[in-house]
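Reader: I am new to this structure and would like to learn how to read its features one at a time. Could you take me through them with care?

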Amino acid sequence: SPPPPPSPSPPPPPPQPSLPPSPPSRPPLPSPPPSPPSPPSPPLALATAATFTVSMMGVRSNCVSCSFELARADTPTAKSVAPLSGNHTAATEVRVTLLHIDLALAQQAQVRFGETECPVQSVDDTGAPDEYVLVVPLCAFAAGRYPVTVLLPGVGFALGAAGDGQTYFYFEQELQVATIEPRSGPWFGGTLVTIKGSGFGGKAAERAAVAHSHGEHAHGGEEVDEHHGAGGHGGGAAMVAMADTASVVTIAGMPCAVLNETHEEIQCYTHPVPTWSRFHDTRGLLTDCEWDGWGDRSSFEACKRSCELDSDCNTIEFRDWRRVCRKRTCRQEGVTDDGPEEGFDTDGDTGYEVWTMLALPRHIDVGPVMVSVNSVMGMGAEHFWYDEVPDAATVEVEVLASPEDEPGSPLVLHLDVAGLPSGGTSGDLLVYLGNSPAPHKNLACGITSDTSEVLQAGAGNFTCSRMAGMTAAGNWTVRVWSEALNGWSASDSIAVAAVVDTVAVGGVTVDAGAVTTAELAGGMGGGLEVTLAGANLGEAPSQTHVRVCGLRCHTTFSNGSLASCRTPPVTTRELIQTFPTAFPSVDLAQHAESYSMNRYTGEFEEATAEQVFARRVDERVFLRTPEGQWRHSWGQCAFAFTMAPAQAALVTMARIFPATNPSQRERGRHARLQVRNLTIGNGTDWPSLHDDDAWVTIGSLNDLIDPTDGVQQGWNSFPQSVPVVAQAFRVLMPSSACGRRAELLRGATFEGVAFVTEDASACSVELEHVHHPLASGPGTTTELAINATIAHTVDLTPVLDALAPRRGTARGGTSVTISGAQLDPLDGAGDPLPADAAVDSVTVTLNGYPCNVTSVAADEVVCVTGERGEILAPTTRVLVEGRGYAVVNNSLATTYAYIDRWTDPYSWLNSEMPVDGDSVVVPEGQAILLDEDSPKLFLLLISGTLEFERKDLALNA
């Protein structure tokens, strides 16, 4: 049967009153003389008859005689495991001693380390009654600490070495890193190195183990018939081998991209040495460093760029808070073991990080090889070093042809290379676009000219090409990988532009490059499918970003030549005035496009600002990073969010929840809630978000202070009798609060109705950017003009007014009639579709579940509900082809409730109906119909809905 919905379940009974504390104990008496040892007690005669319960999708079986007997006499016991650590390459033998077992059963034992079974080589007799030793040569599996379990077919686990954590013994597989080959490679990475050792993750080996386990031990423990069975107290649950233990490899502190691995060998590609490297120690690497002035402190990246633009600068000191960027010019004159400190912090003790463009010794002569598996670290005795930069191969790239210049043309590149090893053979050169260290993960550019002379001389030029339109727009790194070099050349870069030929909406396709702007049409509720056809679009939906009316259009498909998205709602002030009940005030933070503070903003500042507006009043807001660093300031501190540039809001309410500590609450008494504009009205005169003069105060906490009680705890509200138009919102805290290492506030909110500021009758369609994860940067689309607009009109907008009936069984099958206007779908010409086609062109979902449409007219849609699964938020969504999503004019009259009857066992978790003394919770979003007298409940908590059938009923709770 289909899965039943999640249902109210009886919570545990109320807690019992605690017992009074015990009286204080008396002083201890002198110990009595030792008594003679008592004879050993007989084994415990334990036997437990347990119920065997079977359920499918939450419904229990009707079996009444399902039992399972657990007996101590049937349970072998694990006495010892030795040794408790070792390595499979050292031929470690693990000896497991079992008690209460005969030889025949011991020979069938299965010993597992975590989820890996190692075969038993032999069974030794200790000479004691019913005691045997299993000799297990340690097999290959990933390093780590694992529980040791012993499973005996037909009996179950051994006591003391059982599954589900019921074991006393843990074994540690050691990690060893022995050799690396080759031990050097190009500065620009891409060297395929082989690391040998033991205890590696062995992802491929683990997968083989899974297949082996499924083939030979599919059931794991003993077999039990349908009604009765027997076994030991150790249990016998099946165990499945783990399939994705992976090793993490670093060389010289940089990741090495793993190509494949076993438990004894790893192959990975070295990472290129980055332009900037973090410098941690004071070994005298940077000598004779000279002050070179202040750099751009707005961000770490800006600090680096300001140094790169200075021909002398090669080293920076950057502190995140209070933010400082210092530039230095350093010379490298060798490395000593006890070199002098250079007068600046290279260990980060004062908050500074030192980064340099000079070659660090860990790259050129002491690059350690580190492997991590399951949090176990291993360092190799052999190091890897990078060749000097002057020895690197170079490449220069020129774009000969692209779809941007010639529609349908492939991307053709001309490459001029130098510095390659001479005497190479055919197939030795490969050209790739992308920034992955592993060649095969990048985009290949097929060589189209003869390279024999280039290979022989180690220099020369040739061409390569990629299929037309299949290279996502962006800034691409182009490199040559050489087998003889065993690594990458230096790189060059090219820019690939996106091309959009046509735009389609609702079956109408227009030329995006037309001289005159082509017009498309649709409703204002959003949901119109916009399709761009062209070249160099994203290869996946997440790579292509489109805006309609300045708002993000949710991309649903993208394959390089086609991209489709669903338009967002285009709510205008005209639409709000036409259907005022359709647009209640909401929390405007759900429309936020960015968060910031009135200081240089990084990840911490963005996260803190977002927390302020998240309405999580149970969380205090501090100016403290997750690492515990305080960022308090003696100046004012502000937290803000902004909407999209083409969006604004009618603000109807502002609220602030001050600090709960009374003294800190008083320090924040001058907090203000402020709004401003950015792209409309006088906002254009104040381009910077931090221009304080542009902010307008719509609520001051000081205005609500009670002369007797001071600042009130909880939400302090500021309703706006006349809605205020705004695009940015902030709470400004006074310096008296910001300068303390204490809670600032609990939260703030701005409520209102969001609308678009663009002309909805001529909404622009923009390809914002394309960003492939392998590209070094997104493709710019500033020069890409799409001469097509979408006219969103009220006349084309579907509207929902009522729904009947408003409730029905959760089992489905209820016929629902939705009334409204403009509900008939349109074809490409704007004409209503025929009745048979219209049924397939309207989609209805009630509370997240599809409702099968049976008939469509301009003023009503009829559908039949399906079965409800889990409880979802009550929503009614109607998507009409050619028009988009319907606007819900009356949310109360168009809300549907799936009804669960009290007497239906499927309404209750595990089909357990409540009985006298139970506590019942009706969760939010669920509606229960009481159709019989309730039992005598201890508690009934209604977070959803409880309705009474229209007859005499008793509710006892």
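Reader: Let me start with a single residue: does Cys 553 count as buried or exposed, and why?

Author: Before I reply, please keep in mind that this is a predicted model. The general idea is to look at relative accessible area, where buried means under 20% and exposed means over 50%. Cys 553 has 4% relative accessibility, so Cys 553 counts as buried.

Reader: Which residue forms a disulfide with Cys 553?

Author: The general idea is that a disulfide is recognised from a pair of cysteine sulfur atoms within 2.5 Å. Here the partner is Cys 565, and the two sulfur atoms lie 2.2 Å apart. The pair links distant parts of the chain, with Cys 553 in strand β44 (residues 551-558) and Cys 565 in strand β45 (residues 562-566), twelve residues apart. Cys 565 is also buried, because its relative accessible area is 1%.

Reader: Why is the disulfide of Cys 553 and Cys 565 called right-handed or left-handed?

Author: The torsion about the S-S bond is what to read: for Cys 553 and Cys 565 it is about 90 degrees, so this disulfide is right-handed. For Cys 637 and Cys 738 the torsion is about -80 degrees, so that disulfide is left-handed. Cys 637 belongs to strand β48 (residues 637-642) and Cys 738 to helix α9 (residues 735-738), and this pair links parts of the chain that are 101 residues apart. The sulfur atoms of Cys 637 and Cys 738 are 1.9 Å apart. Cys 637 is buried because its relative accessible area is 0%, and Cys 738 counts as buried because its relative accessibility is 1%.

Reader: How many disulfides are found in the whole structure?

Author: A search of the whole structure gives nine disulfides, and one of them joins Cys 303 to Cys 325, with an S to S distance of 2.0 Å. In that pair, Cys 303 sits in helix α3 (residues 300-308) and Cys 325 in strand β26 (residues 324-332), so to speak distant parts of the chain, 22 residues apart. The link of Cys 303 and Cys 325 is right-handed, with 80 degrees about the S-S bond, and both Cys 303 and Cys 325 are buried.

Reader: What should I look for in the backbone itself?

Author: Most residues other than glycine have a negative phi, and most peptide bonds are trans. In this structure, the peptide bond from Ala 82 to Pro 83 is cis, with omega near -5 degrees, and Pro 83 is found in the loop between β5 (77-82) and β6 (85-86). The peptide bond from Glu 181 to Pro 182 is cis as well, with omega near -5 degrees, and Pro 182 has its place in the loop between β15 (176-181) and β16 (184-185).

Reader: Where does Asp 164 lie, and what is its phi?

Author: Asp 164 lies in the loop between β13 (156-157) and β14 (170-173), and although it is not a glycine, its phi is positive, about 55 degrees. Asp 164 counts as exposed because its relative accessibility is 71%. Gln 822, in the loop between β60 (815-821) and α10 (835-839), likewise has a positive phi, near 55 degrees, but Gln 822 counts as partly exposed, because its relative accessibility is 27%.

Reader: How many helices and strands does the protein chain have?

Author: The protein chain has ten helices and 71 strands, and 47% of its 957 residues count as buried.

Definitions and conventions
Residues are numbered from 1 along each chain as its sequence is written. This is a predicted model: local features need pLDDT of at least 70, side-chain atom pairs count only at pLDDT 80 or more; totals for chains, interfaces and linings use all residues. Side-chain values use heavy atoms; hydrogens and water are left out. Helices (H or I, at least four residues) and strands (E, at least two) are DSSP runs, numbered from the N terminus. Buried means under 20% relative accessible area, exposed over 50%, partly exposed in between (1.4 Å probe, protein chains only).
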